[in-house]
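Please open the model in your viewer and keep the selection panel at hand. The stops below go from the whole chain to single pairs of residues.

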Amino acid sequence: MQLKKIVIVGGGAAGWMSACLMAQQWRGDIAITLVESSAIGTVGVGEGSTPFLRDFFQTLNIPEDEWMPACNATYKCGIRFPGWSSREDFASYFHPFNTELDQSGAIQFFKDCYARRMGYDLTPVPDDYFAASAIAKMGRAPFARMSDGSVQVATDYGYHFDSHLLGEFLKQHAKRLGVVHIDDKVVDVKCTEAGGIDSVQLAQSGRLAGDFFVDCTGFKSLLMREALAVPFISCQDRLSNNAAVALPARYAEDKAQKSAQPQARFPTETIAQAMPYGWMWRIPLTQRWGNGYVFDRNYADFDQIEAQLREQLGSACDDFSARRIMWEPGRLQHHWEKNCIAIGLSQGFLEPLEAPMLRIIQFTCERFVELYQSDGLSGRAQQRFNQSVNQLIDGNIDYLQAHYLVSSRTDTAYWKTVQNNQVMSPELARLLRAWRSKESFDSVLSELSDALVYHKTSWYCLLAGKGEFNLPTKQAPASAHAPKQRLKEYNAKGAQNCLLTEGG
Ligand SMILES: Cc1cc2nc3c(=O)[nH]c(=O)nc-3n(C[C@H](O)[C@H](O)[C@H](O)COP(=O)(O)OP(=O)(O)OC[C@H]3O[C@@H](n4cnc5c(N)ncnc54)[C@H](O)[C@@H]3O)c2cc1C
């Protein structure tokens with residue numbers, strides 16, 4: 001069947017990202033209508049990305065100097081994780097977006113991790129090995145000025161952005177690509193006799209029919225969960241956090257006014273700081289900080305968490321009100337059912353510790369476009385789509401859960417419980433077993449490569465960064481410390497050549 005009309009329901013980041021990608025691909029061939037209710041609004045949080053968002057804007061041919069200022073966006077070289085470990089020397093570490101330039105640093109890092117796993121007294125904290133860590137530590141942008149005066153990318157990077165502004169920017173772009181926009185509320189979903197979706201009934205504008213539907217209705221999942229009854233698979237038993245308080249804060253001084261090139265003059269890392277009942281994010285935008293505390297409602301309530309967050313942020317958050325958000329972590333059993341796919345929070349949610357959601361949105365949409373192009377709406381396309389989306393989400397669950405399993409805080413019952421959780425995937429259990437034993441970790445990573453979403457460097461950074469090592473039993477020769485020191489100096493020198501920013 002050749003699609004003629006796609007209806008996207010929902011105008012949050014998922015709806016507008018999907019509208020842009022589909023319209024970019026099918027403009028003129030398939031009519032695309034997006035209906036959203038401005039009265040209902042969007043979830044309005046979600047301010048950090050991975051490097052995949054660069055590809056998204058490249059696909060749309062939108063340069064950074066167009067979209068970044070419009071979305072108060074800054075560069076992100078990676079994520080800093082303070083406070084997750086009580087092990088000496090591992091109080092904080094940086095998870096970098098690394099690049100090919102980091103190859104020798106990465107090789108040395110893997111070697112030092114191996115030596116430490118074998119008992120030598122090395123301290124392989126990722127910060128010392130990767131360019132992105134040095135750049136972020138200096139508060140610089142991921143671009144180096146070369147000796148000929150040209151500017152080149154110095155490390156892979158993602159972004160921080162204001163999610164409302166991003167939605168608005170993408171809305172305007174999608175409309176320019178021909179997407180029809182309706183602001184109205186869906187009050188009913190009509191199904192066909194065959195069990196697919198026939199149309200959605202709008203409060204003001206009547207019936208809206210289409211031959212394919214994209215559910216971007218956020219946590220409501222109006223089409224997939226409500227109308228089509230696709231089962232939801234909770235992963236609360238693995239990722240127990242189920243709520244957040246989001247609270248912006250002012251910068252100490254008005255940075256935006258001081259800067260002619262705002263997005264290059266702010267901190268270039270997300271901070272994910274462990275807290276007594278979860279963790280707190282700090283995200284630098286050009287006009288303010290985005291902050292929030294992700295936690296488990298079984299251990300603390302919203303009032304307690306907001307008080308802790310306000311105490312942490314001080315008077316900088318006085319002018320702002322907090323938002324309280326709850327969710328059940330998990331995903332749909334499958335994401336394509338009959339003539340409907342789910343994209344965004346309607347397909348599930350994983351906590352934002354590694355900011356995985358926009359990547360999942362982008363992947364889900366791109367995968368649909370790709371499979372429709374190659375296999376149409378066939379059962380084969382549907383099966384491949386569901387399998388690959390689930391693989392991406394499940395791989396993310398493994399990586400997220402690993403943060404908790406190897407944390408070593410013991411200050412609250414919350415931390416003791418998440419560390420001692422025995423519920424995990426066989427793949428994650430296998431990885432942790434290998435790391436903790438003398439088995440070759442790299443062989444196990446290769447063996448599991450089909451299931452793993454995060455690359456080797458990310459796994460090493462997580463496990464070494466949190467100090468997941470036994471106490472050393474052997475003294476390393478003095479020469480064994482030298483390569484790390486050299487890399488540290490090399491990266492610091494390289495970072496000096498990166499465009500200047502002002503620290504937070
Ligand atoms: C605390 C928290 C922090 C997060 N941090 C990050 C992060 O750092 N990085 C990241 O990548 N992601 C993050 N996310 C996830 C991110 O916010 C979402 O994935 C993203 O915003 C997409 O949301 P959405 O479009 O699926 O849903 P929403 O933004 O909720 O949009 C739903 C849309 O559906 C519409 N709608 C609903 N019902 C109806 C109806 N009956 N009729 C018409 N329209 C309707 C709404 O009006 C709205 O337009 C975070 C999420 C949370 C909760």
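Domain bounds, as used at the opening stop, come from an automatic or database domain assignment. This is a predicted model, in which local features need pLDDT of at least 70 and side-chain atom pairs count only at pLDDT 80 or more, while totals for chains, interfaces and linings use all residues. Residues are numbered from 1 along each chain as its sequence is written, and side-chain values use heavy atoms, with hydrogens and water left out.

**The two domains**

Colour residues 5-47, 162-236 and 329-397 as domain 1, and residues 74-159, 243-326 and 425-496 as domain 2, following the domain assignment of the protein. The C-alpha centres of domain 1 and domain 2 lie 31 Å apart. To the contact between them, domain 1 gives 16 residues and domain 2 gives 22 residues, where contact means heavy atoms within 4.5 Å.

**The ligand and its shell**

Next, select the ligand together with the residues near it, a residue being near if one of its heavy atoms lies within 4 Å. There are 34 residues around the ligand, and those that come nearest are G11, V45, G48, V186 and L345. By class, the shell holds 18 nonpolar, 11 polar and five charged residues; here Ala, Val, Leu, Ile, Met, Phe, Trp, Tyr, Cys and Pro count as nonpolar, Asp, Glu, Lys and Arg as charged, and the others, Gly among them, as polar. Domain 1 and domain 2 each supply at least three residues of this shell.

Which backbone atoms should be displayed around the ligand's polar atoms? At G48, a backbone N or O atom lies 2.7 Å from a nitrogen atom of the ligand. Move then to C216, where a backbone N or O atom is 3.4 Å from an oxygen atom of the ligand, and to L358, which has a polar backbone atom 2.9 Å from an oxygen atom of the ligand. On its own the ligand has 1,000 Å² of accessible area, of which the protein covers 96%, with areas taken from the Shrake-Rupley method and a 1.4 Å probe.

Show the secondary structure as well: helices (H or I, at least four residues) and strands (E, at least two) are DSSP runs, numbered from the N terminus. Helices α1 (13-26) and α10 (357-375) are the elements that give two or more residues to the shell, and the largest share, three residues, comes from α10.

**The six-stranded sheet**

Select the open sheet with mixed pairing, whose six strands follow the order β9-β2-β1-β13-β22-β21. The edges are β9 (180-183) and β21 (336-337), and each has a single partner strand, so one side of each is left without a neighbour in the sheet. Two strands pair if DSSP finds at least two bridges between them. Strand β21 runs antiparallel to β22 (residues 340-342), to which two bridges join it, and within this pair E337 stands opposite C340.

**Two hairpins**

Go on to β16 (residues 270-275), which pairs in the parallel sense with β4 (residues 78-82) over two bridges, with I79 opposite T270. Strand β16 also pairs with β17 (residues 278-284), here in the antiparallel sense and over five bridges; a hairpin of two residues joins these strands, and I271 stands opposite R282.

For the other hairpin, select β11 (residues 197-202) and β12 (residues 206-209), which are antiparallel and joined by four bridges. Three residues make the hairpin connection, and L202 has G206 as its bridge partner.

**A last stop at R430**

Finish in helix α13 (residues 426-436), where R430 is placed. Its side chain makes a polar contact, a pair of N or O atoms within 3.5 Å in which one must be able to donate a hydrogen and the other to accept it, with the side chain of E439 at 3.0 Å. The side chain of R430 makes a further polar contact with that of E447, also at 3.0 Å. Leaving aside neighbours within four places in sequence, R430 is in contact with E439, V444, E447 and L448.
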